[in-house]
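Here are my notes on this one, written while clicking through the model. Have it open next to you and follow along.

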Amino acid sequence: MQASLQVPQASVWMDVDVTETVALLDQLRARREFNGLRISPIVVLAKAVCLAMAKHPEVNSTLDLDRQEIVVHPDVNLGIAAATRRGLVVPNIKAANDMNILQLAEALNELVDKVREGRITPADAARGTFTITNVGVFGVEGGTPILNPNESAILLLGTFNRRPWVVGEGADERIEIRSVAKLTLTIDHRVLDGEQASRFLADVATILTDPGLALLF
């Protein structure tokens, strides 16, 4: 954490209508392939991050100070921040970008089990390239995450709240009760700028708002 604070960081955030993501989670839980798996919003968020990363590979990068160059990683080693009795650990799913949503769910469940049982090894936490942290499980709406060393971005997910939301356009504009969550992206400002961060975050939000649009990525 001390090393992280030596990095110039900036954050962008947005509130996202995740009503359709909630519906998708219910559908996944009802499917036989997902029987016995814990299905949380992180599953869909992880897939959305990997899809958006394909359009914005610079987000999945590291600044090599010795060589004075930015290294873009071919694989997304997706870190999942987890609170344990011994403190915060960030194991990662290797090559998460090559996984479908079922494989991601299985990998996430395996990580959760290892964290709960205290079986996380240094190898599990090594070579991470991007991190997701979820404060929503504690009922917290949002926050400003700080970077893990050697990563250029970290994404925080807040709790899913039911709140009034404007939907439709023009004459069809109306207020409905929707599920809404806050996403916050913190970046290494030496590697990424506000435009790159905002475009990446907007693409992740697009998928969470309408998971069907993932077919366009």
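How many aromatic pairs does the count come to?

1. Just one aromatic pair turns up by the ring-centre rule. Phe130 and Phe200 make it, in an edge-to-face arrangement with 5.8 Å centre to centre and 70° between the planes. Phe130 sits in strand β8 and Phe200 in helix α5, so the pair ties together parts 70 residues apart in sequence. Both Phe130 and Phe200 are buried. Keep in mind that this is a predicted model.

2. Now for helix α5 itself. With 16 residues (194-209) at 1.5 Å a residue, α5 should span 22 Å, and its end C-alpha atoms are indeed 22 Å apart, so the two values agree. At the start of the helix, a side-chain oxygen of Asp193 comes to within 3.1 Å of the backbone nitrogen of Glu195.

3. What do the buried residues of α5 pack against? Their partners are β1 (9-17), α1 (19-30), α2 (41-55), β8 (130-134), β9 (153-157) and β11 (174-188). The buried set is Ala197, Phe200, Leu201, Asp203, Val204, Ala205, Ile207 and Leu208; note that Asp203 is on that list.

4. Next, the hairpin. Strands β10 (residues 161-167) and β11 run antiparallel and are joined by seven bridges. Trp165 has Glu176 in β11 as its bridge partner. Six residues separate the two strands, and Gly168 in the turn has a positive phi of about 75°.

5. Leu147: buried or exposed? Leu147 belongs to the loop between β8 and β9, and it counts as buried because its relative accessibility is 2%, where the cut-off is under 20%. Beyond its neighbours within four places in sequence, Leu147 is in contact with Met1, Ser4, Val7, Gln9, Ser152, Ala153, Ile154, Thr186, Ile187 and Asp188. For scale, the C-alpha atoms of Leu147 and Pro41 are separated by 22 Å, with their positions 106 residues apart along the chain.

6. Last stop is Asn92, in strand β7 (residues 92-93). Asn92 is buried too, at a relative accessible area of 6%. Which backbone oxygen lies 2.9 Å from a polar atom of the Asn92 side chain? That of Ala126. Ala126 also appears among the contacts of Asn92 outside its neighbours within four places in sequence, a list that includes Asn77, Leu78, Gly79, Leu111 and Asp124.

Technical notes
Residues numbered from 1 in each chain as written. Predicted model: local features only at pLDDT ≥ 70, side-chain atom pairs only at ≥ 80, totals over all residues. Heavy atoms only, no water. Helix = DSSP H or I, 4+ residues; strand = E, 2+ residues; numbered from the N terminus. Expected span 1.5 Å × (residues − 1). Buried < 20%, exposed > 50% of the residue type's maximum accessible area, 1.4 Å probe, protein only. Contact = heavy atoms within 4.5 Å. Polar contact = N/O pair within 3.5 Å; in protein donor to acceptor, adjacent residues only side chain to side chain. Phe/Tyr/Trp six-rings, centres within 6.5 Å; stacked < 30°, edge-to-face > 60°. Pairing = 2+ DSSP bridges.
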